[in-house]
Amino acid sequence: MKHVLSVYVENQPGVLVRVASMFSRREFNIDSLSVGVTQSPEFSRITVVVHGDAGLIEQMIKQLEKMPVVKAVQRLDASIAVTRGMTMIKVSADDTNRLDVLKMAELFRAHVIDVRPTTLIFEITGDDEKVTAFMQLLAPYGIMEVIRTGLIALERGENTINNYEKARAGRDFYGKNLL
């Protein structure tokens, strides 16, 4: 089963390598990994998509929480999170089929980011199902290249990873006891 983990880390050199190495050392397979600076420049957020049963995921979370640079780990269930990935797709398109391809792109809210006499490049954001459906419709025209970003995710509503960790641990990100 696919799981999305959001990992809130100190923004310092080598953090991504340390986190990714933890997965590698324990032979966990990463399906997708994205990282970026948060609203606080001293922290980054790593979104990791992994497959495994509940026990394996709990083990991953415990291992991540042991790392000093990791400030919070949150499992984001599909029912409580908004997830998105970006995909760029280069497809064959000439005068005979260009309008058909553009109509499909419009249905999926894909944006044309490059036009050449024999190709179009689209940018599409959304969940995996949406992107896969779009690619299946484009396949008969000739998909030439595809590149996908890793998934990113946020919990719906007012909860944040900060609130989640504070409630779980009874402390703030700097180790100060809140209880």
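A strand, in the sense used here, is a DSSP run of the type E with at least two residues, and strands are numbered from the N terminus. With that definition in hand, the reader can place V35, which lies in strand β2, a stretch covering residues 30–37. The model that shows this is a predicted one.

Before following V35 further, it helps to look at the whole protein, whose secondary structure comes to five helices and nine strands. Read along the sequence, these elements follow the pattern β-α-β-β-α-β-β-α-β-β-α-β-β-α. The C-alpha trace spans about 65 × 35 × 30 Å along its principal axes, and of the 179 residues of the protein, 39% count as buried. Among the contacts with a separation of 6 or more, 69% are accounted for by residues that stand 24 or more positions apart. The accessible surface comes to about 10400 Å², and 54% of that surface belongs to carbon and sulfur atoms.

On that surface V35 appears again, since together with L16 and L33 it forms a nonpolar patch, and the accessible area of these residues together is about 210 Å². V35 counts as partly exposed because its relative accessibility is 46%, a value that falls between the limits of under 20% for buried and over 50% for exposed.

From the patch we can turn to a charged residue, E155, which lies in strand β9, made of residues 152–155. Is E155 buried or exposed, and which side chain of opposite charge is nearest to it? E155 is buried and yet has no salt bridge, for the nearest side chain of opposite charge, that of R45, is 6.9 Å away, whereas a salt bridge requires the nitrogen and the carboxyl oxygen to be within 4 Å. The side chain of E155 does, however, make a polar contact with the side chain of Q74, at 2.4 Å. If its neighbours within four places in sequence are left aside, E155 is in contact with Q74, L76, I80 and A81.

Elsewhere in the protein, charged residues do pair up, and by the 4 Å rule the count comes to six salt bridges. One of them joins R75 to E58, with the closest N and O atoms 2.0 Å apart. This pair links distant parts of the chain, for R75 is in strand β4 (residues 70–75) and E58 is in helix α2 (residues 54–65), 17 residues apart. R75 is partly exposed because its relative accessible area is 26%, and E58 is likewise partly exposed, with a relative accessible area of 34%.

Another salt bridge is formed by R116 and D114, whose closest N and O atoms are 3.3 Å apart. Here R116 counts as partly exposed at 48% relative accessibility, while D114, with a relative accessible area of 21%, is also partly exposed.

The last pair to consider is R148 and D128, which form a salt bridge with their closest N and O atoms 3.8 Å apart. R148 lies in strand β8 (residues 143–148) and D128 in helix α4 (residues 128–138), so this pair ties together parts of the protein that are 20 residues apart in sequence. R148 is partly exposed, with a relative accessible area of 37%, and D128 counts as partly exposed at 32% relative accessibility. The pair also belongs to a wider arrangement, because K2, D128 and R148 are linked in a network of salt bridges.

Note on methods
Residues numbered from 1 in each chain as written. Predicted model: local features only at pLDDT ≥ 70, side-chain atom pairs only at ≥ 80, totals over all residues. Heavy atoms only, no water. Patch = residues over 30% accessible without salt bridge, like charges linked within 9 Å, V, L, I, M, F, W, Y side chains within 5 Å. Areas by Shrake-Rupley, 256 points an atom, 1.4 Å probe, with all protein chains shown as cover. Helix = DSSP H or I, 4+ residues; strand = E, 2+ residues; numbered from the N terminus. Buried < 20%, exposed > 50% of the residue type's maximum accessible area, 1.4 Å probe, protein only. Lys, Arg positive; Asp, Glu negative; His and termini not counted. Polar contact = N/O pair within 3.5 Å; in protein donor to acceptor, adjacent residues only side chain to side chain. Contact = heavy atoms within 4.5 Å.
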